[in-house]
Amino acid sequence: MIHAYQVVVAAPYVAALVLLAIPGYRIGAIANVAASGVTFAAGLWLVFGERSVGDYAIVDEFNIVFITINTLVGFTTALFSASYIGHEIETGRLTPASLRFYHAMFQAMMGSMNLALVANNIGLMWVGLELATLITVVMVGLYRTPQAIEAAWKYFILASVGISLAFFGTILIYLAGQPTLGEGVPAMTWSLLQAAAARMDPAILDLAFIFLLIGYGTKVGLAPLHAWLPDAHAEGPTPISAVLSGLLLNVALYALLRFKMIVAGQPAALDPGPIMIVMGLVSLIFAAFMLYQRRDIKRLFAYSSIEHMGLMVFAFGMGGPLANFAGLLHMAMHSLTKSGIFFGVGHIAQAKGSQRIADIKGLSVTHPRLAVAFALAVFAISGLPPFGVFTSEFLILTTTFAREPWLALLPAFGLLVGFGALLMRLQDTIFGEPVGPAHRVDASSVPMVLHLLLVLAAGIYLPPALVAWFRRAAELLG
Amino acid sequence: MNQVYDISHLLAGVMLVTSFALLYQQRIAAVLNAFAAQSITLALAVAWAAWSENRPDLFITALIAFSLKGVVIPVALHRTVARLGIHREVEKVVGVGAALMVGLALTALAQALVVKIAQGPASQAREELALALAIILMGFLMMIVRRNAVTQIVGFMSMENGLILAATGARGMPLVVEISVAFSVLIALFVFAVFVFRIRERFDTIDIEALDRMRGDRR
């Protein structure tokens, strides 16, 4: 009997091997889409399938939310990539050989992320997340320009800091669980650890959580550990930027939340909430101000990702069913919107042959339809109604206001600052006299429009089934 | 039983000393030798744990540490460094004295953090954990104070030595073997990546054209 979660993990890895063997990049791109489609179908199957807890894999309401988004955005990104990446060969930025490598690595990365998401073993979770991270390091350096290599190197150095600290934290959690759960696999099994948390040594848990927070927090992009994030987004291929912002940051956040659930089970240990609230707020406000000085459009939205991850960490730090619900919803909305925006940025970069904001003027004159779609996407991410991001941000702020009125001012302030910056930059790109070249855009607009429609639909009407599902997931978070 | 701990602590202590050596060595060749010494000590420490705790799977980890990180990678790096003619390159980002002082402070910090774990079976692993954490932190320090791809990679690998030591110290931790294998493969990959992609940007003393020809540049 094959389980859906096995397909979700295994299909991308198998596809990666197959893609390595396919020489033609056009067939490779199609195979990439097909494999991502299979994974997405398995992800959907998981939603309607049964929940299970095994020695190595876990399927509960909480991780299904992440897996669904992961496989969905993986699929749409593969679609976008298939129509986009041919252009990179024409302009000579990539060779067919590096594109074959790119497709295989894309699948390997998806498989590793899914592995981290279904793992019930904290060691396995770490392995999945680290593999995904290291693959993205290679992908960021794919263009092999000095800037790309510089970005990949910086990413590698900071990611390795995260790798080591998170692993040390994982060892500490194992040591904490060992006296009650015994040596070996049980003391690394997340579900058993969570159940036994109340009997663990609080001193070790404290220490472990600090290491895990810094280690996985580096990957979430929390300030002041975010330095890799803008470079990695700006210099890598655009589909990878979409996956980085939309998915990898989420998976890191997911790992952090799993450990928060363990530590929260021991009342004598430190309360993860306040630390996460502070780190989230610092990231949110810092990133919002940084948005004003950006000259590169991908860097701009990379900082916007830091801002939104900060808001999510803040929401999960607040805790409680409502704030967790809002945080999960925001995670979903941000993933869809931000990857959609990066698809749009890919279109713009092809149209203008540049990703510098100064070179992208007058889009409304040269590419009116692209300009409208992009403007709507930026409206969505800056939290304007009727898009779903507005709903989730509104929920986060109102639940905070109900509990800690003064505290709600800080995220509200950060969001307003970020809003202003994004609209300013949007104005620069959409209006004004067109400068520079205006090429035809070959990339498909279907993925971007699809994401926008989903976010719009979620903003207008959230189906009760979806609300109930997210609510159950939020309850698991405690 | 005490002797078992004494020997494992001794080996972990020697690893920490090599970490200090990594910090103050000025020539790249000497850094590589210090790293090889550290990896071989790690192999001994892991082998000792495998023998004294009767965990034969750890012998694989020890073997990997010895062959790959004790011999193959240092030799490969030595050769590359010699071929590129950068073995005399002296880096002065932070003075040796300052770096050593920070290293001492980090070691003290590691002790202070881990000493809180007072009771239970974990307390046996405590000293080894403290030493391992010190090695990890010194690896970071090395990555920060060195501005050269080779020494940064060595800093990373030394950090990873500390991680494997910590994982070995945690009794009965599964996946140690798997993780060390995965890690070593990744390191080999990155060592490779450094020399294929990165070299041109970091070592501006090198004849760039020659390297371009070497990788069959496309433009």
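In the predicted model, helix H13 of chain A meets helix H15 of chain A through A:Thr337, A:Lys338, A:Gly340, A:Ile341, A:Gly344, A:His347, A:Ile348 and A:Ala351 on the H13(A) side, and through A:Leu370, A:Ala373, A:Phe374, A:Ala377, A:Val378, A:Ala380 and A:Ile381 on the H15(A) side. By residue class, this contact of H13(A) with H15(A) divides into 10 nonpolar, four polar and one charged. Two packed helices are described by the angle between their axes and the distance between the axes. For H13(A), which covers residues 320-352, and H15(A), which covers residues 368-381, the angle is about 150 degrees and the axes are 10 Å apart. The crossing in which H13(A) passes H15(A) is left-handed.

Helix H12 of chain A, residues 297-318, has 22 residues that at 1.5 Å a residue should span 32 Å, and the C-alpha atoms at its ends are 32 Å apart, in agreement with that expectation. Of the 22 residues of H12(A), 22 are buried, so this helix is largely enclosed by the rest of the structure. Just after H12(A), the backbone at A:Gly319 adopts a positive phi of about 70 degrees.

Two cis peptide bonds in chain A may be described together. One runs from A:Ala223 to A:Pro224, with omega near 5 degrees, and A:Pro224 is placed in the loop between H8 and helix H9 (228-235) of chain A. Another joins A:Pro385 and A:Pro386, with omega of about 5 degrees; here A:Pro386 belongs to the loop between H15 and helix H16 (388-403) of chain A.

Two further positions in chain A were examined for their surroundings. A:Ala264 lies in helix H10 of chain A, which comprises residues 238-264. Because 19 other C-beta atoms lie within 10 Å of A:Ala264, this residue is classed as partly exposed, the class of buried residues starting at 20 such atoms. When residues up to four places away in sequence are not counted, A:Ala264 touches A:Pro272 and A:Gly478. The C-alpha atoms of A:Ala264 and A:Trp469 are 22 Å apart in space, with the two positions 205 residues apart in sequence numbering. A:Val446, in turn, is placed in helix H18 of chain A, residues 446-460, and is likewise partly exposed, with 13 other C-beta atoms within 10 Å, whereas 12 or fewer would have made a residue exposed. A:Val446 and A:His330 are 116 residues apart in sequence, and their C-alpha atoms are 23 Å apart in space.

The contact between the chains takes 31 residues from chain A and 34 residues from chain B. On the side of chain A that touches chain B, helix H5 (122-140), helix H6 (146-181) and helix H8 (202-220) of chain A each supply at least two residues, and H6(A) gives the most, with 16 residues. The residues on this side of chain A divide into 20 nonpolar, seven polar and four charged. For the model, the scores are ipTM 0.83 and pTM 0.91.

Chain B has eight helices and zero strands, and its pattern along the sequence reads α-α-α-α-α-α-α-α. Of its 219 residues, 45% count as buried. Among the contacts in chain B with a separation of 6 or more, 70% are accounted for by residues 24 or more positions apart. In the loop between H2 and helix H3 (57-84) of chain B lies B:Asn54, for which phi is near 55 degrees, a positive value in a residue other than glycine. With 8 other C-beta atoms within 10 Å, B:Asn54 is exposed.

Confidence varies along chain B, for which the mean pLDDT is 77 and 77% of the residues reach 70 or more. The highest confidence is found in helix H2 of chain B, residues 28-52, at a mean of 92, and the lowest in helix H8 of chain B, residues 208-214, at a mean of 35. Over residues 203-219 of chain B, pLDDT stays under 50, and for this stretch the model has 12 contacts beyond four places in sequence.

Notes:
Residues numbered from 1 in each chain as written. Chains lettered and ligands numbered in written order. Predicted model: local features only at pLDDT ≥ 70, side-chain atom pairs only at ≥ 80, totals over all residues. Contact = placed C-beta atoms within 7 Å. Helix = DSSP H or I, 4+ residues; strand = E, 2+ residues; numbered from the N terminus. Nonpolar A, V, L, I, M, F, W, Y, C, P; charged D, E, K, R; others polar. Expected span 1.5 Å × (residues − 1). Axes fitted to C-alpha atoms, helices over the stretch in contact; angles between N-to-C directions. Left-handed = near helix turned anticlockwise from the far one by under 90°. pLDDT = per-residue confidence, 0-100.
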